[in-house]
Amino acid sequence: MLMDKYETPCKNAITLKKQVIVFVASSVESETLQKHAAAASHRARSSPGIPLDTVHGIRRKGGEVWHRGSNDEDWCYQTQFTCDHKCNAPEKWNHVNGDCGGRSQSPINIVTRKTLKDERLTPFQFKDYQKIFRGVIKNNGHSVKVEVPHLSTVSGGGLPATYKAVQFHLHWGTNGGPGSEHTIDGEQYPMELHIVHMKEHYADLTTALADPEGVAVLGFFYESSSSANKKYDPIINVLRSIKSTNDNTSLLPISLAQLIPSEQNMTSYYRYKGSLTTPSCTESVIWTLFEQPIPLNMDQLRMFSELKFQDGKPMVGTFRPVQPLNGRQVYRSGGAVILASSTLLVAAIATALGLSQPI
Ligand SMILES: *[C@@H]1O[C@H](CO)[C@@H](O)[C@H](O)[C@H]1NC(C)=O
Ligand SMILES: *[C@@H]1O[C@H](CO)[C@@H](O)[C@H](O)[C@H]1NC(C)=O
Ligand SMILES: [Zn+2]
């Protein structure tokens with residue numbers, strides 16, 4: 001079960017044993033987590049009969065919420081949680097904000113054979129995505145974020161209105177390992193870009209989030225390529241100067257267009273209704289995930305792991321685990337490919353060749 005998998009490993013030995021098994025079977029778990037679980041399990045074994053709860057002097061009840069002191073934002077990613085430094089990891093976010101326990105949460109795993117082709121999901125119209133701006137990039141303690149001037153807009157693509165770009169940020173793994181928030185048929189990409197937009201007539205995101213269709217996020221996956229993507233130099237070259245939380249620096253002039261695939265390569269995408277992937281987890285987001293990934297080489301991807309969380313630990317694993325669909329339909333544009341299983345492919349080829357008689 002989802003909750004089991006991400007339970008925090010500061011408890012008794014029996015639960016821990018179960019977790020270790022789950023971790024081994026799971027491909028998306030971070031190494032760090034496995035280490036924590038193994039270490040905690042070892043401690044549990046070496047003090048027989050004494051539950052960890054007692055050892056650490058922690059009283060656990062149902063849904064206890066950990067606080068990191070007087071911090072304004074009391075939530076963290078799973079990679080930040082340790083038994084010595086507890087914080088509200090994703091399975092506790094619903095205690096930080098009730099919306100995080102809602103029924104239309106993001107991210108999700110997209111099962112391509114269950115997506116429904118929708119003819120209304122035509123190509124997008126991008127306006128002023130080529131416009132050059134001077135942005136400020138900031139380590140906000142959870143990610144790196146760039147506020148963009150509210151000039152570039154997106155419409156079409158089955159969106160109910162015109163939306164303007166507000167900011168973009170990224171989610172990543174550890175040293176170029178799995179780190180995207182959304183997954184496609186279970187595959188987790190090394191990184192994911194979110195360009196956050198709001199309906200054109202709103203002045204700020206808070207207002208837009210009160211509208212169930214107020215926000216549109218364009219999501220892009222990254223893939224590791226053999227050569228460096230020079231168009232990302234303005235961002236990657238300044239990461240070393242914003243390692244600490246709240247650091248910021250100005251970027252060399254860039255455009256949104258230079259960070260994403262060409263328009264011709266953005267006609268294949270998935271669409272569903274969901275939420276912000278960090279608290280407050282507000283369910284006001286029309287999600288678009290583009291099929292075509294953005295190439296970065298391993299050295300470029302690894303640079304993001306040089307950033308630091310507030311406590312000085314490496315900023316890695318900055319993704320929320322996938323959330324239940326709860327009956328939501330995911331749509332795909334005309335161009336998006338269903339990844340058919342080899343059985344289906346063989347059957348399709350056999351049919352095409354007129355070999356559909358039982359053998
Ligand atoms: C950038 O950091 C400086 C302090 O070093 C601060 O005065 C300024 O407001 C920050 N800018 C942004 C956009 O966060
Ligand atoms: C679209 O993507 C393909 C790779 O999938 C690439 O070869 C092609 O050059 C791209 N087209 C444009 C116009 O960038
Ligand atoms: Zn995001």
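Which residue in E6 is the bridge partner of phenylalanine 124? The legends below belong to a predicted model, and the first of them takes up this pairing.

**View 1. Strands E3, E6 and E7 and the hairpin that joins E6 to E7.** Strand E3 (residues 124–127) pairs with strand E6 (residues 153–156) in the antiparallel sense, over 4 bridges, and within E6 the partner of phenylalanine 124 is glycine 156. E6 is also joined by 2 bridges to strand E7 (residues 163–172), and these two strands run antiparallel; here valine 154 stands opposite tyrosine 163 in E7. The hairpin made by E6 and E7 has 6 residues between its strands, and in its turn glycine 157 has a positive phi of about 55°.

**View 2. The open sheet E1-E8-E9.** In this sheet 3 strands are arranged in the order E1-E8-E9, with mixed pairing. Strand E1 (109–110) and strand E9 (187–188) stand at the edges, and because each has a single partner strand, one side of each is left without a neighbour in the sheet. The pairing of E1 with strand E8 (residues 183–184) is parallel and extends over 2 bridges, with isoleucine 184 in E8 as the bridge partner of isoleucine 110.

**View 3. The largest nonpolar core, with isoleucine 195.** This core has 66 residues, and those with the most contacts inside it are Ile195, Val215 and Val217. Its largest share, 7 residues, comes from strand E11 (residues 215–225). Domain 1 (2–93) and domain 2 (109–332) both give residues to the core, which therefore lies between them. When neighbours within four places in sequence are left aside, isoleucine 195 is in contact with Ala165, Phe168, Val217, Leu218 and Leu256. For the protein chain as a whole, buried residues make up 38% of the 359 residues, and of the contacts between residues at least 6 apart in sequence, 70% join residues at least 24 apart.

**View 4. Glutamate 283 and the cis peptide bond in the loop between E13 and E14.** Glutamate 283 lies in the loop between strand E13 (269–274) and strand E14 (285–290), and it counts as partly exposed because it has 19 C-beta neighbours inside 10 Å, where 20 or more would make a residue buried. Although glutamate 283 and aspartate 99 are 184 residues apart in sequence, their C-alpha atoms are 7.4 Å apart in space. Residues up to four places away in sequence not being counted, glutamate 283 touches Asp99, Gly102, Ser104, Gly274 and Ser275. Serine 280 is found in the loop between E13 and E14 as well, and the peptide bond from proline 279 to serine 280 is cis, with omega near 20°.

**View 5. Backbone details in three other loops.** Most residues other than glycine have a negative phi, and most peptide bonds are trans. A cis peptide bond with omega of about 0° joins serine 106 and proline 107, and proline 107 lies in the loop between helix H5 (93–96) and E1. Aspartate 128, found in the loop between E3 and strand E4 (136–139), has a positive phi of about 60° although it is not a glycine, and with 16 C-beta neighbours inside 10 Å this aspartate counts as partly exposed. Asparagine 326, in the loop between helix H8 (298–303) and strand E16 (331–332), has a positive phi near 50°, and this asparagine is exposed, with 10 other C-beta atoms within 10 Å.

Technical notes
Residues numbered from 1 in each chain as written. Chains lettered and ligands numbered in written order. Predicted model: local features only at pLDDT ≥ 70, side-chain atom pairs only at ≥ 80, totals over all residues. Core = buried A, V, L, I, M, F, W, Y, C linked by C-beta atoms within 7 Å. Buried ≥ 20, exposed ≤ 12 C-beta atoms within 10 Å, placed from the backbone. Domains from an automatic or database assignment. Contact = placed C-beta atoms within 7 Å. Pairing = 2+ DSSP bridges.
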